[in-house]
Amino acid sequence: MKILVCISHVPDTTSKINFTDNNTRFDTTGVQFVINPYDEFALTRAMWFKEKQGATVTVINVGNNTTEPTLRKALAIGADDAVRINTEATDGLSVARQIAAYAKSEGFDLILAGKESIDYNGGMVPGMVANLLGYNFINACIGLEIEGSTATVTREIDGGKEILQTSFPLVIGGQKGLVEESELRIPNMRGIMMARQKPLKVIDPIAEEPATQVNMYEKPAQKSACKIIAAGDLDELIRLLHNEAKVI
Amino acid sequence: MPVLVLADHSEGKFKNTALELISYGKSIAKMANTKLIVATIRATDVSGLSGYGPDKVINIVNDRLGVFNAKAIADALSQLAEKESADIIVLDSSNNSKYLAPLLAVNLNAGMASGVTEVPVSLNPFVVKRVAFSSKAFVHTEIKSGKKIICLAKNSFGIKEEKTSPAAEEFTAALSEDDFKITLSAVEKTSGKITIADADVVVSGGRGLKGPENWGMVESLAEVLGAATACSKPVSDLHWRPHSEHVGQTGKPVAANLYIAIGISGAIQHLAGVNASKCKVVINTDPEAPFFKAADYGIVGDAFEIVPKLTEKLKEFKRTQ
């Protein structure tokens, strides 16, 4: 089985988010970049299929050369090879078109991705890739088992979960549950050494027009300070929630 | 030209999210000087929707859409959008909508923006404001394609009443076997409980509650408020509460009107998941807990004393309302 895992290169969760150039650019100064946490669940599940079921795992990113350390990290975790499509990722549909164009020529059985990235939170790429290729697609997956030509997938729904069956080729938008957090892997020294030797292919993007663009960034309005209410004065809290916040 | 909104119902009843979505769609339709079409899927009674401004309600009636199927619904909606020449398609932010929206976007070759919080900043160019960076910033996104897809963030616009007498139509989409290559074998739903996704109020407990045996008071408080219960990540990792209650960056997102955090310190990953809530109350013994910086109201003190008292006082308050 050939697996492709889509890797988004995102600021670490604890990063301070700032903007420059009159709020038109994300300020990467001092920002640590990591594998998108949702993609990490997908990658770790892919490693399981590699180790238990003999799958091959390719990782892909759409981005300029600054994303290569993130792809190397995915290789150090255990992916076999990496592909970087050499263009700035600016729009979900554009990124999906780039990935789909590559995947089409390679014939993957399974494409795994996080259900969204933690930077732009678009939640678009996995579904778009699937539909561009005409592959089956299941989003918000919290479980994936493969037996022969059937995939059994657990999907989170509002207020519960459902179990679905489908065939390949298949695209999965994954999240925690695909594997548990405790199963995520930190690359070891051997993995890091080996990753340096593994192929990282840079390919040119296809020509296409982005459907959206970011015109401006905006920081949320400064929150007013937390009102501290004395533990003995719960009536005051109820009054504030009722009259001021108007939420009860 | 028209704006097309998909109003979701559960067992025949339209949720507040659907009414909010229709209100939002109506505002865009007015801005653009066009009509609002509301699509429903196998709805039995759409009369309740006319209070929020639709000009036309179209019920998609295909038998096979009785079970949610993202591809089939995306295909039905794109056919409907083409037929009605709708340019702006608006969905909510439920798990189902997030599943079908990117499929719809490819069908219609449309640019898409999710997590949108307001009516468009401008129509020409078409610019919307959306949340990004896990609620740490907003992005003004311009959608340049002819057709545009918007997913509205929950609880961001509110319900606005406007009485109309919409035309009612039925639509049968042309679906094929290709639409049904994913089959449903089982559904597990927590019955009788308010879900985090639907709740207006969420009461959440953290490690400060010391053990699963102490959740009774969290549940009592939630019951008085008609709230869903939730928990922090350590609590679900310790198996004090089920994973389905974990809220935060890697758990469920919360966009409630009121979020009450009891014994939760407020790690950045937790806050990222609950920041979209309108009003946040924190109860914690440690005045230095980071949650106090993110909350609107705070009480420094022992939850074991405060929560039962608060529950009693709220009961009294509810009785007098």
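# Reading salt bridges and an interface

Tutor: Across the interface of chain B and chain A the rule finds five salt bridges, and because this is a predicted model, side-chain atom pairs are counted only at pLDDT 80 or more. One bridge to look at is that of Lys161(A) with Glu188(B), where the closest N and O atoms are 4.0 Å apart.

Student: How many residue pairs are in polar contact across the interface of chain B and chain A?

Tutor: With both residues at pLDDT 80 or more, the rule finds 40 residue pairs in polar contact between chain B and chain A. On the side of chain B that touches chain A, helix 3 (residues 95-108) of chain B gives the most, with nine residues. The residues of that side of chain B divide into 36 nonpolar, 25 polar and 17 charged.

Student: What area is buried between chain B and chain A, and what part of it do carbon and sulfur atoms give?

Tutor: One can read an interface both by its contacts and by its buried area. By contacts, 78 residues of chain B meet 72 residues of chain A; by area, about 6800 Å² is buried between the two chains, of which carbon and sulfur atoms give 58%. In chain B, the residues that lose the most area to chain A are Asn95(B), Phe133(B) and Tyr297(B), which together make up 12% of what that side buries.

Student: Which strands of chain A and chain B are joined by bridges, and which way do they run?

Tutor: Here the bridges in question are those between strands. Strand 11 (residues 160-166) of chain A and strand 12 (residues 183-189) of chain B run antiparallel and are joined by six bridges. As one instance, Gly160(A) has Lys189(B) in strand 12 of chain B as its bridge partner.

Student: Within chain A, where do Arg97(A) and Glu208(A) lie, and how many residues apart are they?

Tutor: A salt bridge is worth reading together with the positions of its two residues in the chain. The structure holds 32 salt bridges over all chains, and one of these joins the side chains of Arg97(A) and Glu208(A), at 2.7 Å from N to O. This pair links distant parts of the chain, with Arg97(A) in helix 3 (residues 92-106) of chain A and Glu208(A) in the loop between strand 13 (200-203) and strand 14 (212-218), 111 residues apart.

Student: Why does Arg97(A) count as buried, and why does Glu208(A) count as partly exposed?

Tutor: The class follows from the relative accessible area, with buried meaning under 20% and exposed over 50%. Arg97(A) is buried because its relative accessible area is 19%, whereas Glu208(A), with 24%, is partly exposed.

Student: Where do Lys71(B) and Asp75(B) lie, and how many residues apart are they?

Tutor: Both Lys71(B) and Asp75(B) lie in helix 2 (residues 70-83) of chain B, four residues apart, which is about one turn of the helix. Their side chains meet in a salt bridge of 3.6 Å, N to O. Lys71(B) counts as partly exposed at 29% relative accessibility, while Asp75(B), at 13%, counts as buried.

Student: Which residues are linked with Lys176(A) in a network of salt bridges?

Tutor: The network links Lys176(A) with Glu181(A), Lys233(B) and Asp237(B). Within it, the side chains of Lys176(A) and Glu181(A) meet at 3.9 Å, N to O. Lys176(A) is buried, with a relative accessible area of 9%, and Glu181(A) counts as partly exposed at 27%.

Student: Is Glu245(B) buried or exposed, and what are its surroundings?

Tutor: Glu245(B) is buried, with a relative accessible area of 5%, and is found in the loop between helix 5 (233-237) and strand 15 (258-262) of chain B. Its side chain is joined to that of Arg241(B) by a polar contact of 3.0 Å. Leaving aside neighbours within four places in sequence, Glu245(B) is in contact with Lys193(B), Ile196(B), Thr229(B), Ala230(B) and Cys231(B).

Student: How many helices and strands are there in chain A, and what share of its residues counts as buried?

Tutor: Chain A has six helices and 15 strands, and 52% of its 248 residues count as buried. In helix 2 (residues 68-77) of chain A, the buried residues include Leu71(A), Ala74(A) and Leu75(A), and this helix is followed by Gly78(A), whose phi is positive, near 140 degrees. Among contacts in chain A between residues at least 6 apart in sequence, 69% join residues at least 24 apart.

Terms used:
Residues numbered from 1 in each chain as written. Chains lettered and ligands numbered in written order. Predicted model: local features only at pLDDT ≥ 70, side-chain atom pairs only at ≥ 80, totals over all residues. Heavy atoms only, no water. Helix = DSSP H or I, 4+ residues; strand = E, 2+ residues; numbered from the N terminus. Buried < 20%, exposed > 50% of the residue type's maximum accessible area, 1.4 Å probe, protein only. Contact = heavy atoms within 4.5 Å. Buried area = accessible area lost by both parts, 1.4 Å probe. Polar contact = N/O pair within 3.5 Å; in protein donor to acceptor, adjacent residues only side chain to side chain. Nonpolar A, V, L, I, M, F, W, Y, C, P; charged D, E, K, R; others polar. Pairing = 2+ DSSP bridges.
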